[in-house]
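Q: I have this one open in the viewer and want to talk it through. Can you take my questions as they come?

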Amino acid sequence: MTEATLDPEDNKLVVLARATRARNGTAEGAAVRDEIGRTYTASEVNLPSLTLTAVQAAVAMAACSGARSLEAAALVTEADAPAEADLRAARDMSAGTLILAAPDGTVKGRHRRRPGATRPRARPAPGPAARPVSRASPVTAPRPGRTGPVSPASSAAPTSASPR
């Protein structure tokens with residue numbers, strides 16, 4: 001299989017994953033597409049305190065951006081198969097297919113969710129109890145000892161007309 005045999009949207013994921021891998025000079029690049037068509041790309045993270053595969057990082061970015069599920073994921077790597085952690089991360093967000101591709105874009109395989117596997121329940125939309133609403137912002141919040149909103153000018157350094 002080559003890029004040409006992929007659906008155009010899946011091909012886009014492979015192209016984005018290849019570009020991310022090349023741009024970051026990493027062993028893996030991944031791209032995921034959420035339920036409304038937004039795409040997220042990432043490469044692996046190797047820090048002393050945090051290690052993520054490229055797929056895990058892309059899934060985390062989608063989840064942090066409010067995605068409820070994934071339509072598909074692509075992983076570009078030299079490896080012959082995705083790691084089990086990659087498959088689990090994709091399944092956590094209900095990804096239908098994980099496309100595995102070589103660095104040159106040649107598709108090595110498609111890993112689909114197992115037939116009959118139950119989809120995880122969608123996360124509930126954040127409500128008032130889950131996310132408190134703050135009506136004040138740093139620009140409009142009253143400053144201690146003042147009665148009006150803070151304006152950008154009043155938060156600046158004192159001018160010659162201001163008492164020191």
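Q: Start with Arg 91: buried, exposed or in between?
A: In between. This is a predicted model, and in it Arg 91 has a relative accessible area of 23%, so Arg 91 counts as partly exposed.

Q: Which residue does Arg 91 meet in a salt bridge?
A: Glu 84, with an N to O distance of 3.5 Å between the two side chains. Glu 84 is partly exposed as well, at 45% relative accessible area.

Q: Which residues are joined into a network by salt bridges that share partners?
A: Asp 10, Arg 33 and Glu 71 form one network of that kind.

Q: How far apart are N and O for Arg 33 and Glu 71?
A: Their side chains meet at 2.8 Å. Arg 33 belongs to strand 1 and Glu 71 to strand 5, so this salt bridge ties together parts that lie 38 residues apart in sequence.

Q: And the accessibility of those two, Arg 33 and Glu 71?
A: Arg 33 is buried, with 8% relative accessible area. Glu 71 is partly exposed at 39%.

Q: How many salt bridges in total?
A: Four. Another of them pairs Asp 34 with Arg 38, where the closest N and O atoms are 2.6 Å apart.

Q: Stay on Asp 34. Which strand is it in, and is it buried or exposed?
A: Asp 34 sits in strand 1. Its relative accessible area is 0%, so Asp 34 is buried. Its salt-bridge partner Arg 38 is partly exposed, at 33%.

Q: What else does the side chain of Asp 34 reach?
A: A polar atom of that side chain lies 3.0 Å from the backbone nitrogen of Ile 36. There is also a polar contact of 3.2 Å between the side chains of Asp 34 and Tyr 40.

Q: What is Asp 34 in contact with, leaving aside neighbours within four places in sequence?
A: Tyr 40, Ala 67, Ser 69, Leu 70 and Glu 71.

Q: Change of topic: what is the strand order in the sheet?
A: The order is 2-1-5-6-7, in an open sheet of five strands with mixed pairing. Strand 2 (39–43) and strand 7 (107–112) are the edge strands, each pairing on one side only. From one strand to the next the twist averages 15°.

Q: In what sense do strand 1 and strand 2 run?
A: Antiparallel, joined by five bridges. In one of the pairings, Gly 29 has Ser 43 in strand 2 as its bridge partner.

Q: Which residue takes a positive phi in that hairpin?
A: Gly 37, with phi near 95°. The hairpin has four residues between strand 1 and strand 2.

Q: And the other end, strand 6 with strand 7: which sense?
A: Strand 6 (residues 97–101) pairs with strand 7 in the antiparallel sense, over five bridges. Leu 100 has Gly 109 in strand 7 as its bridge partner.

Q: Which strands does helix 2 lie across?
A: Helix 2 (residues 54–64) lies across strand 1 (29–34), strand 2, strand 5 (70–76) and strand 6. It runs at about 140° to strand 2.

Q: What about the largest nonpolar core: which residues touch the most other members?
A: Val 32, Val 55, Val 59, Ala 62, Leu 70 and Leu 98, out of 21 residues in that core. At least two residues each come from strand 1, strand 2, helix 2, strand 5, helix 3 (84–92) and strand 6. Helix 2 supplies the largest share, six residues.

Q: Take Val 32. What is it in contact with, beyond four places in sequence?
A: The list includes Leu 13, Tyr 40, Ala 58, Val 59, Ala 62 and Leu 70. Apart from this largest core there is another core of eleven residues, among them Val 14, Ala 31, Ala 72 and Val 76.

Q: Last one, Thr 77. Where is its place, and is it buried or exposed?
A: Thr 77 is in the loop between strand 5 and helix 3. At 5% relative accessibility, Thr 77 counts as buried.

Q: Which backbone nitrogen does its side chain reach?
A: The side chain of Thr 77 reaches that of Ala 79, at 3.2 Å. Leaving aside neighbours within four places in sequence, Thr 77 has contacts that include Ala 27, Glu 28, Leu 100, Pro 103 and Lys 108.

Definitions and conventions:
Residues are numbered from 1 along each chain as its sequence is written. This is a predicted model: local features need pLDDT of at least 70, side-chain atom pairs count only at pLDDT 80 or more; totals for chains, interfaces and linings use all residues. Side-chain values use heavy atoms; hydrogens and water are left out. Two strands pair if DSSP finds at least two bridges between them. Axes are lines fitted to C-alpha atoms, for helices over the stretch in contact, and angles run from 0 to 180 degrees between N-to-C directions. Contact means heavy atoms within 4.5 Å. Buried means under 20% relative accessible area, exposed over 50%, partly exposed in between (1.4 Å probe, protein chains only). A nonpolar core is a set of buried Ala, Val, Leu, Ile, Met, Phe, Trp, Tyr and Cys residues joined through side-chain atoms within 4.5 Å. A polar contact is a pair of N or O atoms within 3.5 Å; within protein, one must be able to donate a hydrogen and the other to accept it, and residues adjacent in sequence count only if both atoms are side-chain atoms.
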